[in-house]
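Thanks for sharing this one. Here are my notes, as numbered points to read beside the model.

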Amino acid sequence: MSKPKTSSVTKEADFEMALPDGATLRSHRITTTDGDRVVRVEEDVEVRGCSSETWVSGPSWMFELITIKEGGIYFISGGERIVPPKRFGLLFSLFSITEMCFDNASFHWSGFGGKTSFPEAWMNRPFIFDAKDFECPRDAQELAETLRSVSEARFIERFPRPSELSARAKSIIDQTYNEGVQIAAIAQKLGVSHAHLSRQFKKDFGLAPNKYCHQVRASDAMTRLALGEPIIEVSMDVGYNDLGRFYKQFRKQTNSSPGLCQSILLGDADDED
């Protein structure tokens, strides 16, 4: 028997949250879902104050079309400040580290995410591009076609030139983050001490390898929560056998609880955890 077709549902929600460096974020979000699956998000955002957010993405990419209304947005890559145009496209690629900074910024964005890699290698790095002549694509295929027409992309990896040791360790974490592999075991596999790997990794990526692993898990968890998956299943799928540990680490990495995060992502921000 075929499953009954589900119609898309659009929800609107307002929320406000304190950012770690003292700034405040206010948002009006419009979320469109098809069944339990988020298919598109539009959001009007206001950041009061100055804030710098390091974003670690997991096994999913996220595309955003951003229009800056007031204030400033910029990225830090290899010590360089990269300032985008007033209307720009942004792709957070799989397993990437970016630093996005806000200076009393007010902006609108719309976008969606996915898990498959893009056919061109350059599309699998985080980057921005001038989007004054672009509309937001409808799906991954249309997005890939849109990106092929981009004349100039600016790559925004926070740390674009890591050492070979750290790059190899990061690749192992990216492949095994949900399997409970210990950093000490990765260090042994690479022929170095745990302490040496941790120092070098933090030097190259700004995060200790264990911290990076937890942030990848949190990013994957957010994607799964946005798809409406039950919290206990999300906990196990991203590598936590203990639900209490999942809650603790999720709060530590996102300053939110899994339940509240899911409510916001699904457009039910008034729901209780």
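**Notes on the model**

1. Let me start with a loop: Asn255 lies in the loop between α7 and α8, the latter covering residues 258-265. Please keep in mind throughout that this is a predicted model. The backbone at Asn255 deserves a look, with a phi near 60 degrees, a positive value in a residue other than glycine.

2. Now step back to Thr254, which belongs to helix α7 (residues 243-254). Is Thr254 buried or exposed? Its relative accessibility is 17%, and the cut-off for buried is under 20%, so Thr254 counts as buried. The side chain of Thr254 also reaches the backbone oxygen of Phe250, at 2.7 Å. Setting aside residues up to four places away in sequence, Thr254 touches Ala218 and Met222.

3. Helix α5 comes next, spanning residues 209-226. From the first C-alpha to the last, α5 reaches 26 Å over its 18 residues, close to the 26 Å expected at 1.5 Å a residue. How many of the residues of α5 are buried? The count is 14 of the 18, so α5 is largely enclosed by the rest of the structure. Just after α5 you will find Gly228, with a positive phi of about 85 degrees.

4. You may be curious about internal space. In general, rolling a probe the size of a water molecule over the atoms shows where empty space is left. Searching the whole structure turns up 1 cavity of 30 Å³ or more. The largest cavity holds about 30 Å³ of space. Which residues line the largest cavity? They are Ile173, Thr176, Tyr177, Val181, Ile183, Ile186 and Cys213. Two helices, α2 (164-176) and α3 (183-190), each supply at least two residues of this lining.

5. On to the strands, where β9 (residues 127-130) has two pairings to follow. Strand β7 (residues 87-92) pairs with β9 in the antiparallel sense over 4 bridges. Strand β10 (residues 154-155) is also antiparallel to β9, joined to it by 2 bridges. Ile128 is a handy residue to click on: in β9, Ile128 is the bridge partner of Leu90, and Ile128 stands opposite Arg154 in β10.

6. Another non-glycine residue to check is Asn104, found in strand β8 (residues 97-114). Which sign does the phi of Asn104 have, positive or negative? It is positive, at about 45 degrees, although Asn104 is not a glycine. With 44% relative accessibility, Asn104 counts as partly exposed, because the partly exposed class lies between the 20% and 50% cut-offs.

7. Last comes Met17, in strand β1 (residues 8-18). Met17 has a relative accessibility of 29% and therefore counts as partly exposed. What does Met17 contact, leaving aside its neighbours within four places in sequence? The partners are Ala23, Thr24 and Leu25. As for Val150, it is 133 residues from Met17 in sequence, and the two are 35 Å apart in space, C-alpha to C-alpha.

Definitions and conventions:
Residues numbered from 1 in each chain as written. Predicted model: local features only at pLDDT ≥ 70, side-chain atom pairs only at ≥ 80, totals over all residues. Heavy atoms only, no water. Buried < 20%, exposed > 50% of the residue type's maximum accessible area, 1.4 Å probe, protein only. Polar contact = N/O pair within 3.5 Å; in protein donor to acceptor, adjacent residues only side chain to side chain. Contact = heavy atoms within 4.5 Å. Pairing = 2+ DSSP bridges. Expected span 1.5 Å × (residues − 1). 1 Å grid on protein atoms, 1.4 Å probe; cavity = no way out; pocket = protein on both sides within 12 Å on 5 of 7 lines; lining within 4 Å. Points joined across faces, edges and corners; volume = space filled by probe spheres on them.
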